[in-house]
Amino acid sequence: MKMQKFAITDAILERSPGQEADISVGNLVDERHGGPITIGYGRYAPGQSLTETIVVDDVMIVLEGRLSVSTDGGTVTAGPGEIVYMPKGETVTIRSHEEGALTAYVTYPHWRPAHA
């Protein structure tokens, strides 16, 4: 795989599989591209919430808006320029605030096969 640069306009955002919330994701690098990680963008509409057990190590970078991520151990709120690390096996609830959120994410290993 060669070096590449991406922008949000490169992503085809689709509703996150298996979620009822208005949350869209768009992978730009994943197992189909031969890299060892998944990289993409996510968009959370205002006031959305999802709860899931993380099946891969997941790093989420907030680019716009704000998100709160809660576990049994507490809650963190992240805004533009802040990063949330969600380790494999952790059950999290991600909530977008009134302005919604745009994120970039990196997972290891690939997210899609882990959800299959």
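**Figure 1. The whole protein, and how much of it is tucked away.** Buried residues account for 42% of the 116 residues in the protein. What you're looking at is a predicted model. Its secondary structure comes to eight strands and one helix, and if you read along the sequence, the pattern goes β-β-β-β-β-β-β-β-α. The C-alpha atoms fill a box of roughly 40 × 30 × 25 Å along the principal axes. A compact globule with 116 residues would have a radius of gyration near 13 Å, and the protein, at 13 Å, agrees with that. As for the outside, about 6600 Å² is exposed, with carbon and sulfur atoms supplying 53% of it. Take the contacts between residues at least 6 apart in sequence: 65% of them join residues at least 24 apart.

**Figure 2. Strand β3 and its two partners.** Start with β3, which covers residues 38–44. Is this strand mostly covered or mostly exposed? Mostly covered: five of its seven residues are buried. One partner is strand β2 (residues 23–29), which pairs with β3 in the antiparallel sense over six bridges. To find your way along that pairing, look for Asn27, which stands opposite Gly40 in β3. The other partner is β8, which runs antiparallel to β3 and is joined to it by seven bridges. Here a handy landmark is Thr38, standing opposite Thr107 in β8.

**Figure 3. Inside the largest nonpolar core.** In soluble globular proteins, nonpolar side chains tend to be buried together. Here the largest nonpolar core has 15 residues, and the ones touching the most other members are Tyr44, Met60, Leu67, Val69, Met86 and Ile94. Which elements give two or more residues to this core? They are β5 (57–71), β7 (83–86) and β8 (91–108). Of these, β5 gives the most, with four residues.

**Figure 4. Zooming in on Leu67.** Leu67 is one of the core residues that touch the most other members. Leaving out residues up to four places away in sequence, Leu67 has quite a guest list. Among the residues it touches are Tyr44, Met60, Val62, Val76 and Ile94. Leu67 also touches Thr77, Arg95, Ser96, His97 and Thr103, as well as Ala78 and Ala101.

**Figure 5. A salt bridge between two strands.** Side chains of opposite charge can pair when their charged atoms come close. How many salt bridges does a search of the whole structure find? Three. The one in this view joins Glu99 and Arg66, with the closest N and O atoms 3.5 Å apart. Glu99 sits in strand β8 and Arg66 in strand β5, so this pair ties together parts that are 33 residues apart in sequence. Glu99 is partly exposed, at 40% relative accessibility, and Arg66 is partly exposed too, at 32%.

**Figure 6. The Arg32 and Asp30 pair.** The side chains of Arg32 and Asp30 meet in a salt bridge, 2.5 Å from N to O. Now check how covered each residue is. Asp30 is buried, at 0% relative accessibility, whereas Arg32 is exposed, with a relative accessible area of 55%.

**Figure 7. The Arg15 and Asp22 pair.** Another salt bridge links Arg15 with Asp22, and the closest N and O atoms are 3.9 Å apart. Arg15 counts as partly exposed, since its relative accessibility is 47%. Asp22 is partly exposed as well, with a relative accessible area of 36%.

How values were computed
Residues numbered from 1 in each chain as written. Predicted model: local features only at pLDDT ≥ 70, side-chain atom pairs only at ≥ 80, totals over all residues. Heavy atoms only, no water. Core = buried A, V, L, I, M, F, W, Y, C linked by side-chain atoms within 4.5 Å. Buried < 20%, exposed > 50% of the residue type's maximum accessible area, 1.4 Å probe, protein only. Contact = heavy atoms within 4.5 Å. Salt bridge = Lys/Arg side-chain N within 4 Å of Asp/Glu carboxyl O. Rg over C-alpha atoms; globule rule 2.2 N^0.38 Å. Areas by Shrake-Rupley, 256 points an atom, 1.4 Å probe, with all protein chains shown as cover. Pairing = 2+ DSSP bridges.
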